[in-house]
Amino acid sequence: MTKFYEVRRRDGAARIGFLSLNGEKKQTPLLFHVESLRSDKEGLKVIHVEDDNFNDLFQVLDVPRGAVLLPEVHPLFTRVQEAIPQLKVDCFVLSFASALLYSPRAFVRGIMGARKVIPPDTALWAPAIATAENAALLFYMGVDLIDDTNAVIQGYQGIYHTEEGAVDPNEMEELPCTCIVCSSLTVEELRVKDSKEKLIAKHNTLLLEKEVKKVKAHIRAGSLREYVELKVRSSPFFTAVLRLLDLEEEAYFEKRTPVARNHSMMANTMESLKRIEVKRFASRVRERYEPPARPVLLILPCSARKPYSISPSHLKFRDAIERYRGRIHEIILTSPLGVVPRELEVLYPAAFYDIPVTGYWDAEERDWVASCLRAYLERNARNYGKIVAHLSGAYKELCSRVAEELGLDVVYTCAEGEDVTSKAALKRLKERIADDTEQRLSGFEKKAGMLRAMADYQFGIGAGSDLITRKEGEKIKISGKFPAYKLSVNGDVLARIVPEYGLLTLTRTGALRIKHFLSSYTVHIGDFLPKGSILAPGVVNADEHIRVNDEVIFVGEKAFGVGRAKMSGWEMVESQKGVAVDVREVEERATSAKSTS
Ligand SMILES: [Zn+2]
């Protein structure tokens with residue numbers, strides 16, 4: 001039950017929410033100031049939730065007057081996990097959070113352990129642990145509230161915080177900060193005045209405040225992961241934390257990562273290879289993608305511009321192969337996504353990533369991309385009569401390594417050191433592709449291939465075929481400019497590609513056509529006709545596979561419709577507040593539907 005806390009926005013496990021405090025709505029991620037907490041006459045009432053297994057893991061916060069967080073608190077619990085859903089509280093405090101700074105593993109276990117057992121629509125406070133260095137990571141893991149205890153205490157001890165960690169003011173020649181304290185002082189003046197005026201503590205707190213603001217901006221922009229990758233660089237401890245999270249907490253983050261966003265993902269570090277978006281894309285290409293039946297496989301390199309099709313290099317490739325394109329199936333080799341079939345190039349994240357391009361790939365990157373290519377070829381190579389690779393440099397090395405391992409013959413069209421867009425290479429590509437039978441790819445085939453593959457990727461293999469295959473008496477039409485295609489049948493729109501999010505969206509008619517593929521994307525709602533959004537309490541059940549920004553259908557006694565998920569399916573079920581589904585189209589169900597359902 002969450003009367004005083006509501007999550008409004010999500011970026012992975014991080015959230016922006018509102019917490020009612022002293023009758024005031026405070027936005028989370030929130031920084032509590034130690035001073036303000038002390039000034040509360042009543043103080044904080046904290047009740048320990050004790051359990052052998054959890055060993056004092058939680059305190060339940062009770063602020064009885066004004067700052068009402070918990071209207072009802074039960075005093076004793078023997079089984080924490082069983083008891084938590086009945087607690088009806090809005091905020092949990094992680095006991096002894098500061099002890100978690102002892103080891104990266106303890107840090108991960110402590111915070112993840114807490115976040116996993118408390119309901120998604122409650123706030124988690126990790127007290128006396130935050131600094132400007134680690135705050136972004138704490139929020140990234142799902143902490144909602146922090147405080148400035150650490151900043152103040154360390155300030156009193158003369159420890160000066162920077163965004164990248166603590167420094168000794170005696171070792172500084174200049175103050176690396178423009179806060180109100182630092183901008184008016186030299187480092188010598190700070191040293192002299194600090195003992196009386198506690199200026200370092202003030203600076204530390206201001207710096208932490210600024211960091212919280214930065215994190216909020218990143219959550220709003222959906223770029224917290226990139227920021228965390230940058231932040232953890234400051235220390236081996238926090239880099240280790242992020243690596244442990246990526247290795248051991250994949251399921252936790254997978255459940256919280258949106259299927260699409262409306263902006264690019266920066267893959268600038270080795271940790272980017274471990275991102276959920278990257279792993280999810282690779283696994284869906286393995287499990288939810290069926291290549292079209294064409295005799296020639298052409299492997300191409302990626303381009304900086306996305307979707308690849310509109311890049312100068314890919315326009316040149318297209319010119320070279322245009323007359324034979326009906327016989328060619330194209331896949332694009334890229335880091336960090338691995339293999340991107342041409343038909344999936346406008347999907348998120350295929351059209352939404354940026355990498356530093358140097359021509360050099362390091363070992364881990366090569367291994368990952370090679371594993372994606374290997375998986376693709378193992379499954380599909382036998383369906384092609386011929387494999388052509390128009391690749392150079394690291395791409396070519398990687399491809400030949402995989403081809404050798406699998407014992408496949410590959411025709412290479414770039415000579416050593418030759419650029420893929422050079423005239424000689426393009427001419428060779430044309431020659432090797434050329435066959436006695438010219439076969440162009442019709443505009444309809446190209447568009448239909450994209451829509452089909454995208455529907456399979458989003459809803460499961462077979463959905464695309466059902467969506468697009470013409471039935472008797474039907475006239476299928478695909479209109480619109482690349483890549484904003486619109487699919488209609490006898491004048492009724494079934495689906496659209498939304499390039500801004502890299503997704504296919506369905507209309508009600510489209511959803512009905514592939515309804516049996518949508519069981520994993522169904523939200524069962526109560527006995528009402530939704531207007532606007534569907535809120536979590538209106539959700540009776542939702543499939544656990546649903547992720548933020550997934551296309552979903554909702555079904556209730558009175559309504560059927562389509563929309564976009566605003567929280568994961570499991571979260572819709574477990575939450576009492578917040579928008580679950582943004583409704584796009586809704587239809588009132590006839591009462592007869594009641595008796596048949
Ligand atoms: Zn400062």
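Which residue in β21 stands opposite Ser-488? The answer is Val-493, and the first close-up shows where that pair sits. Bear in mind throughout that this is a predicted model.

**View 1. Strands β19, β20 and β21 pair up through two hairpins.** Start with β20, residues 486–489, which runs antiparallel to β19, residues 476–479, with 4 bridges joining the two. Here Ser-479 faces Lys-486 of β20. On to the next partner: β20 is also joined by 4 bridges to β21, residues 492–498, again in an antiparallel arrangement. The turns are worth a look too. Between β19 and β20 there are 6 residues, and Gly-480 in that hairpin has a positive phi near 100°. Between β20 and β21 there are 2 residues, and in this hairpin Asn-490 has a positive phi near 45°.

**View 2. Asn-490 and Ala-128 are two non-glycine residues with positive phi.** Most residues other than glycine have a negative phi. Asn-490, in the loop between β20 and β21, goes the other way with its phi near 45°. Its relative accessibility is 47%, so Asn-490 counts as partly exposed. Ala-128 has a phi near 55° and belongs to the loop between β8 (123–125) and α4 (135–141). Ala-128 is partly exposed as well, because its relative accessibility is 26%.

**View 3. Two prolines follow cis peptide bonds.** Most peptide bonds are trans. The bond from Thr-28 to Pro-29 is cis, though, with omega near 0°; Pro-29 sits in the loop between β3 (24–28) and β4 (30–32). The other cis bond shown here links Lys-306 to Pro-307, and its omega is about -15°. You'll find Pro-307 in the loop between β13 (296–301) and α12.

**View 4. Glu-345 is a buried residue with polar contacts.** Look for Glu-345 in the loop between β15 (338–341) and β16 (353–354). With a relative accessibility of just 2%, under the 20% cut-off, Glu-345 counts as buried. What does its side chain meet there? A polar atom of the Glu-345 side chain lies 3.0 Å from the backbone nitrogen of Tyr-308. The Glu-345 side chain also makes a polar contact with the side chain of Ser-309, at 2.4 Å.

**View 5. The largest pocket has a volume of about 540 Å³.** Its lining takes in 30 residues, and Arg-294, Glu-343, Lys-446, Gly-449 and Met-450 lie nearest the centre. Which element gives the most to this lining? That would be α16, with 8 residues. At least two lining residues come from each of α12 (312–321), β14 (328–334) and α16 (443–459). By class, the pocket lining splits into 13 nonpolar, 5 polar and 12 charged residues.

**View 6. The largest cavity holds about 160 Å³ of space.** Searching the whole structure turns up 5 cavities of 30 Å³ or more. The largest cavity is lined by 16 residues, with Tyr-140, Arg-225, Phe-253, Thr-257 and Ile-276 nearest its centre. Two or more lining residues come from each of α9 (236–248), α10 (250–254) and α11 (276–287). This cavity lining is made up of 5 nonpolar, 2 polar and 9 charged residues.

**View 7. Cys-177 and Cys-399 are two buried cysteines.** Cys-177 has a relative accessibility of 15%, so this residue counts as buried. Cys-399 is buried too, with a relative accessible area of 1%. Don't look for a disulfide in this view: the structure holds 0 of them.

Notes. Residues are numbered from 1 along each chain as its sequence is written. This is a predicted model: local features need pLDDT of at least 70, side-chain atom pairs count only at pLDDT 80 or more; totals for chains, interfaces and linings use all residues. Side-chain values use heavy atoms; hydrogens and water are left out. On a 1 Å grid over the protein atoms alone, a cavity is a set of points where a 1.4 Å probe fits but cannot get out, and a pocket is an open set with protein on both sides within 12 Å along at least five of seven lines; lining residues have an atom within 4 Å of a point. Grid points are joined across faces, edges and corners, and a volume is the space filled by probe spheres set on the points. Ala, Val, Leu, Ile, Met, Phe, Trp, Tyr, Cys and Pro count as nonpolar, Asp, Glu, Lys and Arg as charged, and the others, Gly among them, as polar. A disulfide is a pair of cysteine sulfur atoms within 2.5 Å. Buried means under 20% relative accessible area, exposed over 50%, partly exposed in between (1.4 Å probe, protein chains only). Two strands pair if DSSP finds at least two bridges between them. A polar contact is a pair of N or O atoms within 3.5 Å; within protein, one must be able to donate a hydrogen and the other to accept it, and residues adjacent in sequence count only if both atoms are side-chain atoms.
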